[in-house]
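Me: I should be grateful for a close look at one part of the model shown below, namely its salt bridging. Please set that part in the context of the whole fold.

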Amino acid sequence: MTEVFGVTLPNISLKIFLLLHFILLTFSGWGILNYAIMNYFVVALGIWTLVHKEESTLALFYLAFLGVSVISDVVLLAFWHAAMRSANGKFSVFCSVVLLLVKVVNTVYAWGEHRRRSGEGNVSGYTNFGESDVSPTYLPDHISPPIPGVDM
């Protein structure tokens, strides 16, 4: 079980979200090129995140692009839903709205996945070195430390 924002969520695989995203995106074939490009890019980034299981930076990229695609979908739905008057157009809008709802839930799970990969305390995914982690006299392996009392 994953805990995000104080709520315990059931474990759902990223594969399920990517499969739903791909199927709904295929059925919501609007013909709007930027809608398709953005969403297929998010699916590709999700597959890349799925392949590299321990990369917290990829999970952060996936989360960021997922958030941007949610905003982009809201804007596109606001402007283009009225132009879809045929049965196929209405079905495309329906699939797009369902995809938007799936993306919102996926964003919450992606946030939890990013936190899991980065270690609960580091939200950004980058390690903050404390004073105990790196000594002030750190030298690479190929350089030997100076010997006290010996002049060069």
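Reply: **Salt bridges and their setting**

R117 is classed as buried, with a relative accessibility of 11%. This description, like the rest of what follows, refers to a predicted model. The partner of R117 is E113, and the closest N and O atoms of this salt bridge are 2.8 Å apart. E113 has a relative accessible area of 25% and is therefore partly exposed, because the buried class ends at 20% and the exposed class begins only over 50%. The bridge thus joins a buried arginine, R117, to a partly exposed glutamate, E113. Both residues belong to helix 4, where four residues, or about one turn of the helix, separate E113 from R117.

A search of the whole structure gives two salt bridges. Besides the pair within helix 4, the side chains of D73 and K103 form a salt bridge, with an N to O distance of 2.3 Å. Here the partners come from separate helices: D73 is part of helix 3 (residues 56–80) and K103 is part of helix 4 (residues 87–118), so the contact ties together parts that lie 30 residues apart in sequence. Both ends of this bridge are buried, since D73 has a relative accessibility of 1% and K103 one of 0%.

The fold around these pairs comprises four helices and two strands, which follow one another along the sequence as β-β-α-α-α-α. Of the 152 residues, 31% are buried; D73, K103 and R117 are among them. For contacts between residues at least 6 apart in sequence, 69% join residues at least 24 apart. The link between D73 and K103, whose helices bring together parts 30 residues apart, also reaches across such a separation.

Helix 4 has a further role in the description, at the surface. A nonpolar patch of about 700 Å² is formed by L19, F22, I23, F27, Y40, F91 and F94. Helix 4 and helix 1 (14–27) each provide at least two of its residues, and helix 1 makes the greatest contribution, with four. I23, which is located in helix 1, is partly exposed at 36% relative accessibility. Over the protein as a whole, the exposed area is about 10,200 Å², of which carbon and sulfur atoms supply 68%.

In summary, helix 4 holds both partners of the E113–R117 bridge and, through K103, one partner of the bridge to helix 3, while also contributing to the nonpolar patch.

Methods:
Residues numbered from 1 in each chain as written. Predicted model: local features only at pLDDT ≥ 70, side-chain atom pairs only at ≥ 80, totals over all residues. Heavy atoms only, no water. Buried < 20%, exposed > 50% of the residue type's maximum accessible area, 1.4 Å probe, protein only. Contact = heavy atoms within 4.5 Å. Areas by Shrake-Rupley, 256 points an atom, 1.4 Å probe, with all protein chains shown as cover. Salt bridge = Lys/Arg side-chain N within 4 Å of Asp/Glu carboxyl O. Patch = residues over 30% accessible without salt bridge, like charges linked within 9 Å, V, L, I, M, F, W, Y side chains within 5 Å.
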